[in-house]
Amino acid sequence: MSAYNFREVEQKWQSFWESSQQFQARVDPSKPKFYSLDMFPYPSGAGLHVGHPLGYIASDIVTRYKRLKGYNVLHPMGYDSFGLPAEQYAIQTGQHPAITTEQNIARYTEQLKRIGFAFDWSKEVRTSNPDYYRWTQWIFMQLFDSYYDNDENKAKEIASLVAEFEKAGNSKVNAICDEDTPSFSASEWTGFTEEQQQQILLKYRLTFLAETTVNWCPELGTVLSNDEVKDGFSERGGHPVERKKMKQWSMRITAYAERLLQDLEKVSWPEPVKEMQRNWIGRSIGAEMIFEVEGHDLQIKVFTTRIDTIYGVTYLALAPEHEWVAQLTTADQEEEVADYVSTAKNRSERDRMSDVKTISGAFTGSYAINPFNGEKIQIWVADYVLAGYGTGAVMAVPAHDERDFNFANHFGLEIRQVIEGDMENGSFPGKGGTIMNSGMLDGLQMQDAMNKAIAFLEENRIGKGKIQYRMRDAIFTRQRYWGEPLPVYFKNDLPYLIAEKDLPLVLPDVDKFLPTEDGDPPLGRAKDWTYSTEEGDFPLEKSTMPGWAGSSWYFFRYMDPSNQFRFVGEEAEKYWGAVDLYIGGAEHATGHLLYSRFWTKFLSDRGFVSIEEPFQKMINQGMIQGRSNFVYRQKGANTFVSAGVKDTYDTTPMHVDVNIVYNDQLDIEAFKSWRPDLADAQFILEDGKYFCGVEVEKMSKSKYNVVNPDDVIERYGADTLRLYEMFLGPLEQFKPWNTNGIDGVSKFLKKMWRLFHDAGDEFHVSDAEPTKEELKALHKAIKKVEEDIEKYSFNTSVSTFMICINELSALKCTKRAILEPFLIILSPYAPHIAEELWQKLGHDTSIIYSEYPKAEEKYLAEEAHEYPVSINGKMRAKVSLSLALSKEAIETEALANETVQKWLEGKTPKKVIVIPGKIVNIVL
C-alpha cells in the first residue's frame, strides 16, 4: 500500500463503527460501569468550529481508554434543542423552529461523526422532541404535586400534606411555604371552598404561581433569567431589559439551599465552580427584625448578619422594587423617588451588585423607629439593595459596612461608630471587637452582643434569629413559543394539572411566533388551546418552560431513551447511576449545574432515582481562542504591505480570513478571490512572500478567525485534529488555535505509519524478539500515557507518542511485540489509524475490544547513569557509570576520567562527595 490515505481510512472506520454499533451500551452487571458525558450542545446554525470539539475529544479519549481497561462505558450525545435563536429566526423568516432545529442538528451530527467520536448514537435525545419533553412535563407535575417537609428534610407528596390538614390543620406542619401562609385548624380546612384550598396548597407546592419581579425583554417578548442579562441588556441580541412584576411560575429551589450547599463536599468539581455555587446560594446566619414606620401602620422587615451593630443604624434602605416605596414616599419627595425608581429598577441585579462605584439613592421623606433605642431614622430607596435578597430592606450601619459608609458619606448621613477600633480610613467590619455606644450591648464582644440582641427581639416578639440564603426561587416560565408547554390548565384562575394519560402536551401550530396583540405569549395564537374535562373546557397555560428545563434531567434519559413507561427504567438508573465524568464550561455553574442538582435531589426524595448528585467528577475545558491574521492596507490605495515591512509605510490593519493563511503566509490568489474589491489588489512582499500579522482574540465570524473542523479534517484528517487539539495545552486552559504546529502532528502519524511498512510501502511487521531498548521505549510510553489519562493531562501524552515513535524509528523497530501494544495506547487519541493498522496486523475484531497493556517495571529500570562531576562547585565533566557500582567504585571511575584529570591538574582532592544515581562533587 502507498502512503497513509487518511480520507479513505477514516471514512472506512466511521462507516464500520456506525453500521456495527460498536459503541452501543447495555446494562451489564458483570462489568464495572463508566458513564462519560459532555454537556450537550444547542444546535446553532453556524455549526461547530474547532473550539467546540475540545471537551468532546478529551471525554472520548477517556471513554476509549476505560473500555480498554475493562469498563462498560456509556458515552451518549444529544441536543439541547429548545432555544431562543431558532425562535428569533422563526420570527424573522416565518420558518417553524422545528425545521431550523432539524437542519442544524443534521449539520452538527455530520460534523461530530467526522471527528470519530465513540458516541452511542442509539441513545441520542433531543429536548424538543415530544417523546422527550413528555417526561419533562411529567417531572413538572411531580414537583407541582410535592412539598418540602422540614422535619424529614425532603420532598413529599402533597397528598400527605392534605391528609395532615384534614387531621390537625397546619399548626404542627413544619414545611417550606410562603411567609404569608395563614394558620388554620382541621375544621377550617374542611370548611374551605375548593378554590381556597388550592390557593393554600399553592403556598406549599414546589412549583407555584406567584407575582414576581422579573427581567422582561420587550424585543424578545420573554422573561430572562439573571444570567441571561448583562448591563441592562439581553445577552442574546443586546436588547434592552426592564424589571417588572409579572405572574410567573417558579420552582422552590430555596427549599434545597442547605443540601445544595453541603453536598458540594460530595463531588469532585473544580473549586472555582463550587465557590460560584456557594456564593450564589449565599448562606448567612443572622437575625430578622421589624422596624415600625412613623405615621404609618406598616412594619419594615430586615435581615442582618450583624444585629450586634443595631445601635449604629442611621438609616434604612429599601430596594427600588420594594412594595411599600410608593406608600412611604411623601408628597414633596414623590417626583424624585418616582424618577429614581424608574431608572434604578431597570438595572439588572448583577449590575447593581457589581457596580460599587456608582452611588445613588432617594429619600422617601418617611422615618422608621429603631426598637432598641427609639430613634427616628430616615428611610431611603437605594439600588444597592436587592428586592430578592433577604427582605428587600437593609438596616444601614455606615461605620461598619463599606457600601453603607459610601452611601452615608455621599448623602451626608450620620456615621456612628459602635465597635471599638480605628476609623481613620473609613468604615471597618469590627468582627470580634468590643461593642460601644450601644446601650444594653455596651462592653460585650460580637457574639455575646448578637445573642443578647436576638434574645431581646424574640422576647419582644419583633424578630428572631434566622439563617438566610441569597439564592431565590427559580422563575420557570418564558413568554415564548419554542419551549415545552406546561401541562397546566386554569379553572377559576387557579392552576390544575392535566391527566398523565394526556402527556405529552404537544406544542400547537400558530400563525406567527410573536406575542398576541393583547400581549399574551405566542401560544395565545393557537386555536382551541384548551383542555377538556368532565366539567368543561378550560384554558391551558400560554407560557412555556425555560431553556434549563430539558437539560436538568437529560443525563437520566440517556440511560434508557426508549422507555415508554418511565423517564428512566429502574434497572438502568441503578446500574449507570451518577455521571462519572462530566466535561463542559464553567459558565453553567449557577444555571444548568445548580438546577440539575436540584431536580436530581427532588427525584431522589420522591424515590424515582437512587442518586442525590448527578455529576460525580467534572472538568471545565478551557476555550480555544481565535488566532487572527491581519493584512496591512496602504492608506489611500488598494496595496497591501507585508507585516515585516509595514512600519515603513502608512498602513491600516485589516482582518483576513485565516483559512487562506498558512503558517502566517497569505495565499495571494485566494485573497484576491475573497472579495470583489480585492481582485486588483497590489502587494509589497518580503522575499517574494506576503506575511500576515497575528493577534489572539475570541473566535468570531466578524474577525474572520473561525476555523471549521471540516476544513482541518479535509486537509489533515480527523486523527490529526484530535491529537492537535490535545497537543495545544492543558485541557482546562485557554489557548489560541494555531495551525502553525499542525503539520508536526500530521508528520508524526505518517512517520508511525511508515514503521509498519517497508521501503516499497508494503505492509511489513516482523515477529522477531524485541530488544531491551525497544521494550524500554514502549513501556515508558505505556506508563506515561496511562498516568496522563488518569489525571486528565492529555497534552503530555501526545508528546510521549512522538518521543516513542522517534526512538523506535531510530532503532528501526518493525516488531509486532512493540508496535501492537503501541497501537492500543494510541487508539483513544487516534482511533482511525489505530483501527486500520490493527486490522492489518491480522485482528478480525475492533481494537476497542483489546486490553490496555501493563507497563513492566523490569523494562523501565535504568542500568546506567550519567553523573555530572563538579569540581569546586562547577560542573566540569559527565561520566556514564553503571548504577550497580558502589560509592567507592564511582569515586575511582570519576577520578580516573580523562577530562576530570585535566581539571585536577595533578592535585589531590580534599574531599569527594558521591551521591549514587545523582552526582559526584570534588573539592580541591
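How many bridges pair strand β1 with β22, and in which sense do the two strands pair?

## Strand β22 and its two partners

In this predicted model, strand β1 (residues 33-38) and strand β22 pair in the parallel sense, and 3 bridges hold that pairing. Within it, D38 stands opposite I583 of β22. Strand β22 is also joined to strand β23 (residues 618-620), again by 3 bridges and with the two strands running parallel, and here G584 stands opposite N620 of β23.

The residues of β22 (residues 581-584) can be sorted by the way they point: L581 and I583 point one way, Y582 and G584 point the other way, and all of them are buried. This fits a general rule, by which the side chains of a regular strand alternate between the two faces of the sheet.

## Two open sheets

One open sheet is formed by 4 strands in the order β6-β5-β9-β17, and its pairing is antiparallel. The edge strands are β6 (222-224) and β17 (474-475), each of which pairs on one side only. Between strand β5 (residues 207-217) and β6, which run antiparallel, there are 3 bridges, and N215 has L224 in β6 as its bridge partner.

Another open sheet of 4 strands follows the order β33-β32-β35-β34, and its pairing is mixed. Its edges are taken by β33 (874-882) and β34 (911-915), and because each has a single partner strand, one side of each is left without a neighbour in the sheet. On average, and with direction ignored, neighbouring strands of this sheet are turned by 20 degrees against each other. Strand β32 (residues 864-871) pairs with β33 in the antiparallel sense over 8 bridges, and P868 stands opposite K878 in β33. Helix α28 (residues 887-896) packs on this sheet, where it touches β32, β33, β34 and β35 (919-923), and the direction of α28 makes about 120 degrees with that of β34.

## Helix α5

Helix α5 (residues 130-144) has 15 residues, which at 1.5 Å a residue should span 21 Å; the end C-alpha atoms of α5 are 20 Å apart, so the expected span and the model agree.

The helix is mostly covered, since 12 of its 15 residues are buried. Among the buried residues of α5 are Y132, Y133, W135, W138, F140 and F144, and the buried set also includes T136, Q137 and Q142.

## A crossing of two helices

The axes of helix α21 (residues 718-727) and helix α26 (residues 831-840) come within 7 Å, and they cross at roughly 130 degrees. That angle makes α21 oblique to α26. By class, the contact between α21 and α26 has 3 nonpolar, 1 polar and 2 charged residues. The residues that meet are A718, D719 and R722 on the side of α21, and P831, H832 and I833 on the side of α26.

## Residue L514 in a loop

L514 lies in the loop between β19 (494-497) and β20 (530-533). With a relative accessibility of 34%, L514 counts as partly exposed, because the partly exposed class covers values between 20% and 50%.

If residues up to four places away in sequence are not counted, L514 touches I91, P522 and R525. Another residue to look for is R480, which is 34 residues apart from L514 in sequence, while the C-alpha atoms of L514 and R480 are 7.6 Å apart in space.

Terms used
Residues numbered from 1 in each chain as written. Predicted model: local features only at pLDDT ≥ 70, side-chain atom pairs only at ≥ 80, totals over all residues. Heavy atoms only, no water. Buried < 20%, exposed > 50% of the residue type's maximum accessible area, 1.4 Å probe, protein only. Contact = heavy atoms within 4.5 Å. Axes fitted to C-alpha atoms, helices over the stretch in contact; angles between N-to-C directions. Parallel < 35°, antiparallel > 145°, perpendicular 65-115°, else oblique. Nonpolar A, V, L, I, M, F, W, Y, C, P; charged D, E, K, R; others polar. Pairing = 2+ DSSP bridges. Expected span 1.5 Å × (residues − 1).
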